[in-house]
Amino acid sequence: MAKVYFTREISPEKVLEMYRLAGKELTGHVAVKLHSGEKGNQNFLKPEFWKPVIEYVNGTVVECNTAYEGARNTTEKHRKLIKEHGWEDYFTVDLMDAEGPDLELQIPNGRVIQKNYVGKNLQKYDSMLVLSHFKGHPMGGYGGALKQLSIGVASSAGKAYIHGAGKPEEIWTSDHDSFLESMADAASSVVDYFKGNIVYVNVMMNMSVDCDCCEVAEDPCMKDIGILVSLDPIAIDQACMDLVYAAKEDPGQAHFLERVESQNGVHTIEAAAKLGYGSREYELVQVD
């Protein structure tokens, strides 16, 4: 059974402490996948918050261009915003799909898609630290580790491919559950690529129903819950969902769950578990 470490204390130093509890040393060139924030978004977790853990692993922050209109859909605009948001003040940043062609990863057991297009610079890295801001999402229902692995690592074209469930031209019109299953498929290809050399950190704070990709996002509706760390991307997302459901006294819980449930968000976790690269069963280890 997967272990998920959990603390209610939230601080940059606590993120590093929790990462070390995972018990896996990330070696070689370490890619640090996080959400650098859309222009205008007020909820994304800032460079200073992630600084201790990124410096500890001597990681390179990695991102990819978006597939929708905004300040991150071209390399030139995206690099400008990354600089404006302060990421380059602290870290080396690699826009992995800045120049083509994309890297094609095979998904032989994919339920909807059998290939995934990711930023070609993924090939530069030996391991990955996935730093996820757990929150809602307008299409996925929620955003956590599985979304970072799939949509996050996918190139701009790869994002359209996943959203369209293998048909990029249907990016916003594909069958919804097929899109969620495509995310699970795509995430599996990144897990396979790194052969287990990944550590996952989910931070449950600034929990809006909207993603950090939204230029105009709702303010957070739920109270901060804590930090989770695991070697299992499915278990950590499931644990976050369970903590949301357990927060019955939180006045924002119903609003948050309406977003998750209206988009059938848990289906991504269900689809990922069926592919077998993690488990929805886990042991929650509480840390002071």
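This section describes two lysines, one helix and one pair of strands in a predicted model.

Lys-135 lies in strand β8, which spans residues 135-137. The residue is buried, yet no salt bridge is formed. The nearest side chain of opposite charge is that of Asp-212, at 4.1 Å; because a salt bridge requires a side-chain nitrogen of Lys or Arg within 4 Å of a carboxyl oxygen of Asp or Glu, this pair is not counted as one. A polar atom of the Lys-135 side chain is instead found 2.8 Å from the backbone oxygen of His-133. When neighbours within four places in sequence are set aside, the contacts of Lys-135 comprise Tyr-142, Gly-143, Ser-208, Asp-210, Cys-211, Asp-212 and Phe-256.

The second lysine, Lys-147, belongs to helix α4 (residues 145-152). Its relative accessible area is 14%, and Lys-147 is therefore classed as buried, the cut-off being under 20%. Residues up to four places away in sequence being excluded, Lys-147 touches His-137, Tyr-142, Gly-152, Met-183 and Cys-211. Tyr-142 and Cys-211 also appear among the contacts of Lys-135. The C-alpha atoms of Lys-147 and Ala-186 are separated by 9.3 Å in space, whereas the two residues are 39 apart in sequence.

Helix α3 (residues 75-84) has buried and exposed sides. Thr-75, His-78, Leu-81 and Ile-82 are buried in this helix. These residues lie on the same side of α3 because the arc that they cover around the axis is only 130°. An α-helix has 3.6 residues a turn, so residues three or four places apart point the same way. The other side of α3 carries the exposed residues Glu-76, Lys-80 and Lys-83. Strands β3 (60-63) and β4 (93-95) are among the elements that cover the buried residues of the helix. Just after α3, Gly-86 adopts a positive phi of about 90°.

A two-faced arrangement is also seen in strand β5 (residues 103-106), where Leu-103 and Leu-105 form the covered face, while Glu-104 and Gln-106 make up the uncovered one. In a regular strand the side chains alternate between the two faces of the sheet. Strand β5 is joined by 4 bridges to strand β6 (residues 115-118), and the two strands run antiparallel. Within this pairing, Leu-103, a residue of the covered face, has Val-118 of β6 as its bridge partner.

Terms used. Residues are numbered from 1 along each chain as its sequence is written. This is a predicted model: local features need pLDDT of at least 70, side-chain atom pairs count only at pLDDT 80 or more; totals for chains, interfaces and linings use all residues. Side-chain values use heavy atoms; hydrogens and water are left out. Buried means under 20% relative accessible area, exposed over 50%, partly exposed in between (1.4 Å probe, protein chains only). Lys and Arg count as positive and Asp and Glu as negative; His and the chain ends are not counted. A polar contact is a pair of N or O atoms within 3.5 Å; within protein, one must be able to donate a hydrogen and the other to accept it, and residues adjacent in sequence count only if both atoms are side-chain atoms. Contact means heavy atoms within 4.5 Å. The arc is that of the directions from the helix axis to the C-beta atoms. Two strands pair if DSSP finds at least two bridges between them.
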